[in-house]
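Biologist: Could you take me closely through the part of this model where protein and DNA face each other? I would like to know what lies along each DNA strand and what the contacts are made of.

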Protein chains: 2
Amino acid sequence: MEFKEAKNKFVQSWGALGSQWGINKTMAQIHALLMISTEAVSMEEIMEELQISRGNASMNLRALMDWGIVYKEHKPGERKEFFIAEKDLDELAVKIAKERSKREIKPALKVLKEVSTIKTNKSEEEKHFVEQTGKLYDFVLKADNVLDKVTEYKDNWLAKLVVKIMK
Amino acid sequence: MEFKEAKNKFVQSWGALGSQWGINKTMAQIHALLMISTEAVSMEEIMEELQISRGNASMNLRALMDWGIVYKEHKPGERKEFFIAEKDLDELAVKIAKERSKREIKPALKVLKEVSTIKTNKSEEEKHFVEQTGKLYDFVLKADNVLDKVTEYKDNWLAKLVVKIMK
DNA sequence: TTAAACTTTCAAAAAAAAATGAAAGTTTAT
DNA sequence: ATAAACTTTCATTTTTTTTTGAAAGTTTAA
């Protein structure tokens with residue numbers, strides 16, 4: 001396989017993987033592109049490479065920056081903006097984990113807490129509901145805490161986790 | 001909050017959470033419904049409760065069964081089929097993890113291996129591509145292995161992990 | 001065997017999500 | 001101040017995903 005083909009395959013696959021995990025395909029593709037670029041990349045280049053519109057590029061770059069995994073960079077003498085990705089994988093994973101926790105897990109926990117603490121009458125149905133959502137709350141909370149803890153390690157958390165788990 | 005409201009809130013929220021993680025909303029809602037039901041539930045009841053068509057119910061139940069987290073049940077004397085969810089949360093997490101690994105992570109690893117092992121010329125660009133995708137391969141492989149290991153514990157893996165991590 | 005009671009399939013419709021592109025907005029150099 | 005060089009916004013269009021519902025398929029009871 002030659003470079004151009006490999007690059008294309010990587011960008012496409014990363015986009016597809018993103019979709020499967022609830023991330024907009026183009027957003028994942030832009031991220032892939034920036035991950036493998038040595039240099040900061042302009043919007044122009046991104047549009048060209050992925051064959052997307054200016055609006056699309058702009059909005060997805062904004063989203064990537066909101067996630068904290070892509071940064072703007074200004075080149076001296078250049079008027080336009082360039083973009084660069086967080087390339088450290090530990091850092092990347094930590095940021096994604098924190099963001100998904102904040103945006104999705106925390107709100108879900110809030111709902112689980114609410115619904116699992118309703119006053120019930122003595123019916124089996126209601127008792128089981130409270131029990132099951134309560135267990136779910138505990139489980140998700142525990143998982144979220146592990147995520148928190150693990151991301152505190154900051155550097156090389158996955159490698160350290162591997163050591164702990166595997167032994 | 002009264003029971004009916006809580007139940008509805010739970011089902012809706014579980015559906016929304018599913019969407020954000022790449023799982024069809026209706027599929028997640030059906031799963032939520034089955035999770036909190038004491039009894040096995042018929043397709044008829046699911047259609048009624050979620051206001052969805054027969055085809056939709058049928059297809060999403062099939063998908064849930066393919067994931068191995070919902071089972072068919074036959075009640076004696078009854079002609080129609082009833083459905084019941086895996087309610088043990090450790091078991092549920094293990095199944096989801098294994099399935100996502102098989103369907104999504106393994107294929108992504110295959111691509112990463114392919115593209116990270118191309119023959120490169122001496123250009124910075126190509127060297128960086130191989131290096132970066134190589135690192136990504138190692139990272140994803142390690143994460144997938146942790147998932148494997150953790151799901152081998154089978155019972156109460158999350159609780160055990162909490163102990164390991166927190167200490 | 002047949003017909004009633006179910007379930008599945010899949011082409012078509014509907015809904016949801018993403019992308020476009022041009023106008024509006026912003027910044028910078030002169 | 002203004003105009004060139006950019007970026008953002010958002011109503012509209014396009015694409016993708018999901019849902020529908022009716023026909024085809026299956027199973028069971030009589």
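Modeller: What follows is a walk along the DNA surface of this structure, one strand after the other. The model is predicted, and the distances below are computed from its atoms.

I begin with DNA strand C, which has 19 residues around it, and among these T26(A), S53(A), R79(A), S58(B) and R79(B) come nearest. Of the strand C atoms that lie within 4 Å of the protein, 62% belong to sugar or phosphate, while the rest belong to bases. Phosphate oxygens of this strand are approached from both chains: in chain A, a backbone N or O atom of S53(A) lies 2.7 Å from one, and a polar side-chain atom of N56(A) lies 3.2 Å from one, whereas in chain B an N or O atom in the side chain of S58(B) is 3.0 Å from a phosphate oxygen. The elements that contribute two or more residues to the surface near strand C are α4 (54-66) of chain A and α4 (54-66) of chain B, and it is α4(B) that gives the most, with five residues. Sorted by class, the surface near strand C comprises three nonpolar, nine polar and seven charged residues.

Turning to DNA strand D, there are again 19 residues around the strand, of which S58(A), R79(A), T26(B), S53(B) and R79(B) come nearest. Here, too, sugar or phosphate accounts for 62% of the strand D atoms within 4 Å of the protein, with bases making up the rest. The contacts listed for this strand come from chain B: a polar side-chain atom of T26(B) lies 2.4 Å from a phosphate oxygen, and a backbone N or O atom of S53(B) lies 2.6 Å from a phosphate oxygen, while R79(B) addresses a base, with a polar side-chain atom 2.8 Å from a base oxygen of strand D. As for the elements that give two or more residues to the surface near strand D, they are α4 of chain A together with α4 of chain B, and α4(A) gives the most, with five residues. By class, the residues near strand D divide into three nonpolar, nine polar and seven charged.

Read side by side, the two surfaces take their largest share from α4(B) at strand C and from α4(A) at strand D. S53 appears in both accounts through a backbone atom, S53(A) facing a phosphate oxygen of strand C and S53(B) facing a phosphate oxygen of strand D.

Terms used
Residues numbered from 1 in each chain as written. Chains lettered and ligands numbered in written order. Predicted model: local features only at pLDDT ≥ 70, side-chain atom pairs only at ≥ 80, totals over all residues. Heavy atoms only, no water. Near = heavy atom within 4 Å. Polar contact = N/O pair within 3.5 Å; in protein donor to acceptor, adjacent residues only side chain to side chain. Helix = DSSP H or I, 4+ residues; strand = E, 2+ residues; numbered from the N terminus. Nonpolar A, V, L, I, M, F, W, Y, C, P; charged D, E, K, R; others polar.
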